[in-house]
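I opened this entry to record what I looked up on side-chain packing and internal space. The model under study is a predicted one.

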Amino acid sequence: MADELKDIGVVINGDDPLTDSVVAGAALRLAHHYGATLTGFEQADTELDSPSWRDDDDDGPYAAVDFCRLSKPRESERYLRSSAMAELRREARDRGGGWHKGVRFRDLLTTIRCSDLVVAGSPLSEGRWLEHDSADIVVAAGRPVLLVPRKFAQRRPSQRKVGYRVLLAWNASAPSARAIHDSLPFMRVAEEVTLLFVNHDKDNQPAQHLLGLVAAHLNRHGVHVRQEVIPSNGASAAQTILDRLTALDINLLVMGAFSRSKLSETWFGGASEDLFHQVGIPIITAH
């Protein structure tokens, strides 16, 4: 992903107005900062012009989503009165890549593969009508995805901060490498970046060597990281990562998704599936 985003795809589930509003707010703030084109996709069989979206301070033009060091909201009276969903629909239809309703999954993929970034809601939606959830988009899109969990949307507006403290969950897999490179624009402006390796072996030296290589590479890109090798002590990688997210007060997780197949993780367990269920902060991920 280039430093300047030019095309952002936004997937609106339609089953949770608050989450959809926060997804829209996140996409709008990124698009306005980078001057990017927005393309919207509505998966639900509902009419977005008619439902009673939240119309209070939580659902302003950016739905109170605060990205580290990104430009502040516009000051025009019209814009400040507009909700995130209304502004997303307007910009996608009038000046963006269009608003696609009831789009088939394969057609959605064709379009979002031309995006620099995809913004989507909770990866494990409870919506009854969904043929595919956001985890399927992560697997099939071939593009980085910024996932906005329901738990994050349900926070107070003052707590919806993204990218101030970033955790890179590194496991030396190809998806992990893609996720780290795709998140460089966010890491360059973060206040603190931690590079984490969950070590299941007794010897820490190989893990420390791996982290040193990654840290040196990121340093050449202008990103300075804290390195942590954490022994699992019998715990799962997902649980260890969750513990560090809390301990370090992280507000953006960067991780590769489904180093094994999605089906394998669903049936037999895996870090991606576990974290998608439990993490309450935005995630930048890639497969």
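Entry 1, aromatic rings. I checked two phenylalanines for burial and found that F67 is buried, as is F186. I then looked for aromatic pairs and obtained a count of one. F67 and F186 form this pair, with 6.3 Å from centre to centre and 40° between the planes, and the geometry is tilted. I noted that the pair links distant parts of the chain, the two residues being 119 residues apart. F67 belongs to strand β3 (residues 66-67), whereas F186 belongs to helix α8 (residues 184-189).

Entry 2, a charge over a ring. I found R29 over the face of Y62, 4.4 Å from the ring centre.

Entry 3, an acidic side chain. I located E228 in strand β10 (residues 226-231). Is E228 buried or exposed? I recorded E228 as buried because its relative accessible area is 9%, which falls under the 20% cut-off. For a polar partner I found the side chain of R244, which lies 2.8 Å from the side chain of E228 in a polar contact. Leaving out residues up to four places away in sequence, I listed the residues that E228 touches: T194, L195, L196, F197, L211, R244 and L248.

Entry 4, cavities. I searched for cavities of 30 Å³ or more and found two. The largest cavity holds about 40 Å³ of space. I counted 10 residues in its lining, and N13, D15, T19, D20 and R150 are those nearest the cavity centre. Helix α1 (residues 17-34) supplies the largest share of this lining, with three residues.

Methods
Residues are numbered from 1 along each chain as its sequence is written. This is a predicted model: local features need pLDDT of at least 70, side-chain atom pairs count only at pLDDT 80 or more; totals for chains, interfaces and linings use all residues. Side-chain values use heavy atoms; hydrogens and water are left out. Helices (H or I, at least four residues) and strands (E, at least two) are DSSP runs, numbered from the N terminus. Buried means under 20% relative accessible area, exposed over 50%, partly exposed in between (1.4 Å probe, protein chains only). A polar contact is a pair of N or O atoms within 3.5 Å; within protein, one must be able to donate a hydrogen and the other to accept it, and residues adjacent in sequence count only if both atoms are side-chain atoms. Contact means heavy atoms within 4.5 Å. Rings of Phe, Tyr and Trp (its six-membered ring) pair if their centres lie within 6.5 Å; planes under 30 degrees apart count as stacked, over 60 as edge-to-face and the rest as tilted. A charge sits over a ring if NZ of Lys or CZ of Arg is within 6 Å of the ring centre and within 35 degrees of the ring normal. On a 1 Å grid over the protein atoms alone, a cavity is a set of points where a 1.4 Å probe fits but cannot get out, and a pocket is an open set with protein on both sides within 12 Å along at least five of seven lines; lining residues have an atom within 4 Å of a point. Grid points are joined across faces, edges and corners, and a volume is the space filled by probe spheres set on the points.
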